[in-house]
Amino acid sequence: HNLAFDWHRNRVVLFGGRQGTTDTNNTWEWNGSNWSEVKTKTLPPARRSFGMAYDMKRRVTVVFGGAGFPSQLGDTWVYDGQDWTQVQTSRAPTPRDHSRMVYDDSRGVIVLFGGWDQKNGNKYLNDTWEFDGQDWTEIKTSTLPQARHWHTMAYDRQRARVLLVGGGFVSDTWEYDGKD
């Protein structure tokens with residue numbers, strides 16, 4: 001599963017994951033006291049190991065990719081607290097799982113980095129993508145962290161930087177300022 005904090009509704013949103021040997025597509029919310037399942041009209045396909053972040057500018061939780069059946073996913077979904085909507089984009093990262101996403105507050109975009117691509121060579125990735133609510137753009141930086149999965153990302157609001165730490169087989173720290 002994955003979690004994101006919906007700042008505008010003051011809720012933690014939990015989506016998907018695996019229960020036993022079955023991938024799920026349930027949506028749950030934590031209000032600080034209780035968990036409650038949210039029954040939406042539309043649901044993304046069941047998945048695990050996907051990217052998820054809350055977009056403060058657009059007031060939606062964004063989900064990308066993940067491992068699903070029968071293969072990796074490369075779709076983008078947004079949840080507005082009521083229902084899920086698939087976003088049809090003209091560009092997108094390749095299908096992958098174990099990527100990470102974070103919201104860059106200073107620029108109003110979701111940043112995605114890395115992951116694992118089974119379909120195109122069974123390889124770890126080190127690409128950077130940004131989602132502006134309508135489309136994905138690949139960001140070509142002059143320096144690149146080593147390819148990885150299972151890393152952690154967070155946003156440093158005071159310094160306006162995305163931080164990337166560790167993952168898979170590496171233990172290092174990187175910063176991304178929106179350019180490099």
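Me: Which residues touch the most other members in the largest nonpolar core?

Reply: A general idea helps before the case: in soluble globular proteins, nonpolar side chains tend to be buried together. The model here is predicted. Its largest nonpolar core has 13 residues, and those that touch the most other members are Val62, Met101, Ile110, Leu112, Phe131 and Trp136.

Me: Which elements give two or more residues to this core?

Reply: They are β6, β9, β10 (109-117) and β11 (123-131). The element that gives the most is β6, with three residues.

Me: What does phenylalanine 131 touch, leaving out residues up to four places away in sequence?

Reply: Phenylalanine 131 is in contact with Val62, Ile110 and Trp136, and also with Thr76, Val87, Thr89 and Val109. Apart from this core lies another one, of eleven residues, including Phe15, Val38, Val63 and Trp84.

Me: How do I read a pair of aromatic rings?

Reply: A pair of aromatic rings is described by the distance of the centres and the angle of the planes. By the rule used here, the count is nine aromatic pairs. Take phenylalanine 15 and phenylalanine 50: the ring centres are 5.6 Å apart and the planes stand at 70°, so this pair is edge-to-face. The cut-off for that word is an angle over 60 degrees.

Me: Where do phenylalanine 15 and phenylalanine 50 lie in the chain?

Reply: Phenylalanine 15 is in strand β2 (residues 11-19), while phenylalanine 50 is in the loop between β4 and β5, so the pair ties together parts that are 35 residues apart in sequence. Phenylalanine 15 is buried, at 0% relative accessibility. Phenylalanine 50 is buried too, at 1%.

Me: What are the distance and the angle for phenylalanine 64 and tryptophan 136?

Reply: The distance is 5.3 Å centre to centre, with 65° between the planes, and the pair is edge-to-face. Phenylalanine 64 belongs to strand β6 and tryptophan 136 to strand β12, so this pair ties together parts that are 72 residues apart in sequence. Both phenylalanine 64 and tryptophan 136 are buried.

Me: Which residues form one aromatic cluster?

Reply: Phe15, Phe50, Tyr79 and Trp84 do.

Me: Now the charged side chains. How many salt bridges are there?

Reply: The count comes to 18 salt bridges. For each one, look at the N to O distance, then at where the partners lie. The side chains of aspartate 23 and arginine 48 meet at 2.7 Å, N to O. Aspartate 23 is in strand β3 (residues 22-30) and arginine 48 is in the loop between β4 (35-38) and β5 (51-55), so they tie together parts that are 25 residues apart in sequence.

Me: Is aspartate 23 buried or exposed?

Reply: Aspartate 23 counts as buried because its relative accessibility is 16%, and the cut-off for buried is under 20%. Its partner arginine 48 is at 26% and counts as partly exposed.

Me: Which residue forms a salt bridge with aspartate 135?

Reply: Arginine 91 does, and the closest N and O atoms are 3.5 Å apart. Aspartate 135 lies in the loop between β11 and β12 (136-139) and arginine 91 in the loop between β8 and β9, so the pair ties together parts that are 44 residues apart in sequence. Aspartate 135 is buried at 12% relative accessibility, whereas arginine 91 is partly exposed at 42%.

Me: Which residues are joined into one network by salt bridges that share partners?

Reply: A third bridge comes before that: aspartate 156 and arginine 159 meet at 3.1 Å, N to O. The network itself joins Asp6, Arg9, Arg11 and Glu29.

Me: How do β13 and β14 pair?

Reply: They pair in the antiparallel sense, over five bridges. One residue to find is threonine 152, which stands opposite valine 165 in β14. The hairpin has four residues between the strands, and in it alanine 160 takes a positive phi near 55°. Alanine 160 is partly exposed, with a relative accessible area of 23%.

Me: Which value does phi of histidine 98 take?

Reply: It is near 60°, a positive value in a residue other than glycine. Histidine 98 sits in the loop between β8 (84-87) and β9 (100-104). It is buried, with a relative accessible area of 14%.

Me: Last, the peptide bonds. Is the bond from phenylalanine 69 to proline 70 cis or trans?

Reply: That bond is cis, with omega near 10°. Proline 70 is in the loop between β6 (60-67) and β7 (72-79).

How values were computed:
Residues numbered from 1 in each chain as written. Predicted model: local features only at pLDDT ≥ 70, side-chain atom pairs only at ≥ 80, totals over all residues. Heavy atoms only, no water. Buried < 20%, exposed > 50% of the residue type's maximum accessible area, 1.4 Å probe, protein only. Core = buried A, V, L, I, M, F, W, Y, C linked by side-chain atoms within 4.5 Å. Contact = heavy atoms within 4.5 Å. Pairing = 2+ DSSP bridges. Salt bridge = Lys/Arg side-chain N within 4 Å of Asp/Glu carboxyl O. Phe/Tyr/Trp six-rings, centres within 6.5 Å; stacked < 30°, edge-to-face > 60°.
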